Amino acid sequence: MPALAGQGAGPARYWGTGSGAPALGVITPMSRHFCAACNRVRLGVDGTLYLCLGQEDQVPLGRLLREGASDADLERAIRAGIAAKPERHEFTTRPERIVRFMSQTGG
């Protein structure tokens, strides 16, 4: 049974067993855009802040740290990156923008 919208903290759509607890959450980037509900960024081990799991949008926090950036500098870079998060992905309309599969970035 489809669960109520708003369950979970990310872009997954949930199906339940009828008991009220979600049983399965599915993210469907190709058949149904979820970007408007995506509240995720990922921080890579090299300090790269990925703004989208499948596209090249990123903030080089590691490089900024190595260059001596202040806390205020880092906060500005993070806020600017979040503000520039893509409105929607282009996986089907512009496949050349896919620089890695979502699973390569990690979750």
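Helices (H or I, at least four residues) and strands (E, at least two) are taken here as DSSP runs, numbered from the N terminus. The model is predicted, so local features need pLDDT of at least 70 and side-chain atom pairs count only at pLDDT 80 or more, whereas totals for chains, interfaces and linings use all residues. Residues are numbered from 1 along each chain as its sequence is written, and side-chain values use heavy atoms, with hydrogens and water left out.

**Exercise 1.** Determine in what order the elements of the chain run from the N terminus on.

*Solution.* Begin with the inventory, which comes to three helices and five strands. Then follow the chain from the N terminus, where the elements run β-β-β-β-β-α-α-α.

**Exercise 2.** Identify the residues of the largest nonpolar core, and then the contacts of Leu74.

*Solution.* A nonpolar core is a set of buried Ala, Val, Leu, Ile, Met, Phe, Trp, Tyr and Cys residues joined through side-chain atoms within 4.5 Å; buried means under 20% relative accessible area, exposed over 50%, and partly exposed in between (1.4 Å probe, protein chains only). The largest such core has eight residues, namely Leu49, Leu51, Val59, Leu61, Leu64, Ala69, Leu74 and Ala77. To this core α1 (61-66) and α2 (71-83) each supply at least two residues. Next, with contact meaning heavy atoms within 4.5 Å, and with residues up to four places away in sequence not counted, Leu74 touches Leu61, Leu64, Leu65 and Ala69.

**Exercise 3.** Describe the surroundings of Thr48, starting from its place in the secondary structure.

*Solution.* Thr48 is found in strand β4, and it counts as buried because its relative accessibility is 8%. Its side chain is joined to that of Asp46 by a polar contact of 2.9 Å, a term that stands for a pair of N or O atoms within 3.5 Å, where within protein one must be able to donate a hydrogen and the other to accept it, and residues adjacent in sequence count only if both atoms are side-chain atoms. Leaving aside residues up to four places away in sequence, Thr48 touches Arg42, Leu43, Gln58 and Val59.

**Exercise 4.** Decide whether Cys52 is buried or exposed, and locate Cys52 relative to Arg88.

*Solution.* Cys52 lies in the loop between β4 (48-50) and β5 (58-60). With a relative accessible area of 12%, Cys52 is buried. Finally, Cys52 and Arg88 are 36 residues apart in sequence, while their C-alpha to C-alpha distance in space is 9.3 Å.
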